[in-house]
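Q: Please take a close look at the backbone of this model. I am interested in unusual peptide bonds and phi values, and in where they sit.

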Amino acid sequence: MPPQRAATVAERLRLMSGKLTAAERKLMAALFANYPMAGLGSITGFAREADVSTPSVLRLAKKLGFSGFPAFQDELRCELSAQLQNPIAKHDRWAAEAPDTHILNTFATAAMENLSASLKLMDHRAFDAIVALLADRKRQVHIAGGRITGAIAAYLYTHLQMARPGVSLVPPTQSFWPQYLLDIGKNDLLLFFDIRRYDARMLDLAASARERGARVVLITDQWISPIARLAVHSLPLRIEAPSSWDSNIVPLFLAEALVAATVNATWRETEARIAELEALSGAGKRGK
């Protein structure tokens, strides 16, 4: 199978975050606020946006392994192109480079590499912070996904609503969203799954929810959905696969890990809720 792409600029920054200077951390924050577009303008404009000097931008580019700012921007342009790839382009790229082995083997290898790379880059503090938000029963939780990731959003919703009250699934039909926004209050949590090619409607939904005081959390890919600029926490994951479509194996893994961690954090309350649910389910069966 074709080799996995080298680490994105965002992934390199996350890996080196503990070694960055104060100025370099400002540049990282500015880039992540509008990734990757913030880094595609002039070097002076990028420096000004982060409130640092131009030499700081050059030092950061070289620290990340680039020969200079033009090479840094070339990588960002490649990432932008990858964000916009359609299923036909993805299929053609994989078909041209794939060796003559069974699809089960190539797909399994890609899935395992995606999981390994995602775990290597995982921000455990962000994961734990998301779990704390999900476990807070004073907070309403709303979950949304796109055309493909909506299935993962529904999966997370199904498990969370058994473990705690106050969980809702945002429907995929945009005309229903105003009713859901009406019920989103201050400090509620709105968790999005959004992978390439990103859904502009969900960015609007996230912006409207944040205006109402909700906290936005994002599960995304290595190229980072624009929703990240509105999110209090973002978890980027590897999703490429030898297919016309991206793989949702790692996002599904993360959904299950979030459920497990949330249940563990609130086990006493969750145990009582599940026991009551089981009793109600049993009563329903006896009544048939």
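A: The backbone is taken up below, peptide bonds before phi values.

This is a predicted model, in which local features need pLDDT of at least 70 and side-chain atom pairs count only at pLDDT 80 or more, while totals for chains, interfaces and linings use all residues. Residues are numbered from 1 along each chain as its sequence is written, and side-chain values use heavy atoms, with hydrogens and water left out.

Between Y35 and P36 the peptide bond is cis, and its omega is near -5°. P36 lies in the loop that runs between α2 (22-33) and α3 (43-50). Helices here are DSSP runs of H or I with at least four residues, strands are runs of E with at least two, and both are numbered from the N terminus. A cis peptide bond also links R196 to R197, with omega near -10°. R197 is placed in the loop between β3 (189-193) and α11 (200-211).

Now the phi values. N187 is a residue other than glycine with a positive phi, near 75°. N187 belongs to the loop between α10 (177-182) and β3. Its relative accessibility is 35%, so N187 counts as partly exposed; the class covers values between buried (under 20% relative accessible area) and exposed (over 50%), computed with a 1.4 Å probe on protein chains only.

I224, also a residue other than glycine, has a positive phi near 70°. The loop between β4 (215-221) and β5 (233-237) holds I224. I224 counts as buried because its relative accessibility is 4%.
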